[in-house]
Amino acid sequence: MTRKDSNSRTTGRSSAPASRSTWRQLSAVALAATTLAGCVVGPDYQKPLLPMPAAWSSQKEATAARPVQLSKWWQRLRDPELNTLVEEAVAGNLDVATAKARIREARASYRQSAATLFPSADSSGSATRNKTAATTSGGTASDAYSQFQSGFDASWELDLFGANRRSVEAARYGMDAAQEELRSTLLTLVGDVASNYTQARGYQARIQLARRAAASQRQTAELTRTMAEAGTVTAADVAKAKGQASSTEADVPTLEASYAEAVHRLSVLTGRPPAALTERLKRGAPIPSPRLPISTGVPADILLSRPDVRMAERQYAEYTARIGQAEAARYPSVSLTGDIDTSAFKLGDLGKNSTIGWSFGPTLSVPLFNAGKLQAAVDVAEAQRDQYFIAYKASVLTALEDVENASVSLTQERIRNGKLASSAKSYGDAARLERMLFKSGETSLLDVLDAERSLYSAEDALLQSRVLIATDYIALNKAFGGGWDGAIDSSRPEIVDAKTGPRLASKPPKDKDI
């Protein structure tokens, strides 16, 4: 703010031709600056075209690929409890809440960047009590007097070479990336809920199987004891039968622990304490079974369906814009500044009987020497852009790999499951025959125990295979980019503050109160 003599007043008697000449010069400068404000430096972003395979390795070239059906894919596992858990996880998961907060942060950063394109204005005011004392011979002291001042300042950076516009562009891409991060978080969340739920139901089925097998083996041990009393088998045979039953029973605690861990993970994924779902899931249910086969589309689809790929592309765009922001710092900058102020001896005289002053004009700043600092900033921005471009390419390759791996795993596991089902049926028939032959004394106890052990292993492997089929189905849908496609409100903050205006400061809590 320009300081004015409080004892004088602006008379407005300056030369009119000189004033008009000054305004013409200022207008010419402003017009030239406004024209140059349409310029930008640095590379303009263009979405890269990456080479993509024409078809998946499992597709037949002559077969037309049907689009992937990703909307609410978990509902095709046909389990109402799973559907409910997915909805609860989307509403309560803490990682989702964090991703929503990042969206709000990105939106606020965008508004901050956009504000630099507009003028800024400030006002000020002061009130002082003044007195001049006589400190030298011949000096005179003045009476005390009051002085009041008020002013208004404004400035506008014309952004000749697009530094602020590149900043806004980068912030907009960053906001898009935050949106994709939320979608990626939701994709991971839905997949984790479905996987852990499937694992939990699988452990329940295996626990029930282990108990049934152990009970059957206990019956064999009891039969062996009866036969030992009759003298047809030895005490060693009784001990072997009991030992196998105990060995099968020993699997139950391990399976119970794994089941509890899966339930605890599900509870935390839904934003609850670990044991919150224990009672709710205590009652068993079948292992989820997906509807197969599923359509696979074409590899190029993942560029649009995978949120992590879209996020990597937006980050690459963001850091491309930052190169222009760094490059613009190497060029001159022009700002239009102006201020007006008034001062008076009485508060009521401000604006009426007061000294008024003003100034207006452009300010030019030209970088002359900085020892290569600004060029180094450009090099840093270019190197960062290259890193994010490589990350984008890597995310595409990873997505292709995920689909290929999950597709192969699902296909081969279905084949394996058929073989295991046949194996379990054959071992079941063998175990029943061995028991009948053992009762009639036509075979040894070792043959019975071996048949029962093989049957238990085959049935347990079959259950694990059913879990793997569901898990591979979940992994394939995740690889295609299937996540939550419902509405998500990211505008509401997690913490709503109250009493944020001016107020008396409260004392901080003492350590004993924390």
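I take buried to mean under 20% relative accessible area. With that cut-off, buried residues make up 37% of the 514 residues in this chain. I am working on a predicted model.

**Overall layout**

I went through the secondary structure next. I find 10 helices and four strands in the chain. From the N terminus, I read the order of elements as α-α-α-β-β-α-α-α-α-α-β-β-α-α. I then checked the contacts between residues at least 6 apart in sequence. Of these, 84% join residues at least 24 apart.

**Sheet**

I looked at how the strands are arranged. They form an open sheet of four, in the order β1-β2-β3-β4, and the pairing is antiparallel. β1 (120-130) and β4 (355-365) are the edge strands. Each has a single partner strand, so one side of each has no neighbour in the sheet. On average, neighbouring strands here are turned by 15 degrees against each other, direction ignored.

I followed β1 to its partner. It is joined to β2 (residues 145-157) by 11 bridges, and the two run antiparallel. I noted one facing pair: Asn130 stands opposite Tyr145 in β2.

**Nonpolar cores**

Which residues touch the most other members of the largest nonpolar core? I get Trp73 and Val193, in a core of 61 residues. I listed the elements that give two or more residues to this core: α2 (80-92), α3 (94-115), α4 (163-229), α6 (251-269), α8 (307-328), α9 (373-439) and α10 (445-480). α4 gives the most, with 16 residues.

Another core lies apart from this one. I count eight residues in that second core, including Val233, Ala241, Val448 and Leu449.

I went back to Val193 for its contacts. Leaving out residues up to four places away in sequence, Val193 touches Leu82, Leu85, Val86, Ala89, Leu266 and Leu269.

**Aromatic rings**

I count nine aromatic pairs. I opened the pair Trp73 and Trp74. Their ring centres are 5.8 Å apart and the planes stand at 80 degrees. Planes over 60 degrees apart count as edge-to-face, so I put Trp73 and Trp74 in that class.

Are these two residues buried or exposed? Trp73 is buried, at a relative accessible area of 0%. Trp74 is buried as well, at 2%.

I also traced a cluster. Ring pairs link Tyr45, Tyr173, Tyr316 and Phe389. One of these rings has a charge over its face: Arg172 lies over Tyr173, at 5.5 Å from the ring centre. I found another such case at Tyr319, where the charged end of Arg322 sits over the ring, 5.5 Å from its centre.

**Two residues of α9**

I picked Asn417 in helix α9. What does Asn417 contact beyond its neighbours within four places in sequence? I find Leu462, Ser465, Arg466 and Ile469. The relative accessible area of Asn417 is 17%. The cut-off for buried is under 20%, so Asn417 counts as buried.

I then moved to Ala377, which is also placed in helix α9. Ala377 has 35% relative accessibility. Partly exposed covers the range between the 20% and 50% cut-offs, so Ala377 is partly exposed. Last, I checked Ala377 against Arg330. They are 47 residues apart along the chain, and their C-alpha atoms are separated by 9.7 Å.

Conventions
Residues are numbered from 1 along each chain as its sequence is written. This is a predicted model: local features need pLDDT of at least 70, side-chain atom pairs count only at pLDDT 80 or more; totals for chains, interfaces and linings use all residues. Side-chain values use heavy atoms; hydrogens and water are left out. A nonpolar core is a set of buried Ala, Val, Leu, Ile, Met, Phe, Trp, Tyr and Cys residues joined through side-chain atoms within 4.5 Å. Buried means under 20% relative accessible area, exposed over 50%, partly exposed in between (1.4 Å probe, protein chains only). Contact means heavy atoms within 4.5 Å. Two strands pair if DSSP finds at least two bridges between them. Axes are lines fitted to C-alpha atoms, for helices over the stretch in contact, and angles run from 0 to 180 degrees between N-to-C directions. Rings of Phe, Tyr and Trp (its six-membered ring) pair if their centres lie within 6.5 Å; planes under 30 degrees apart count as stacked, over 60 as edge-to-face and the rest as tilted. A charge sits over a ring if NZ of Lys or CZ of Arg is within 6 Å of the ring centre and within 35 degrees of the ring normal.
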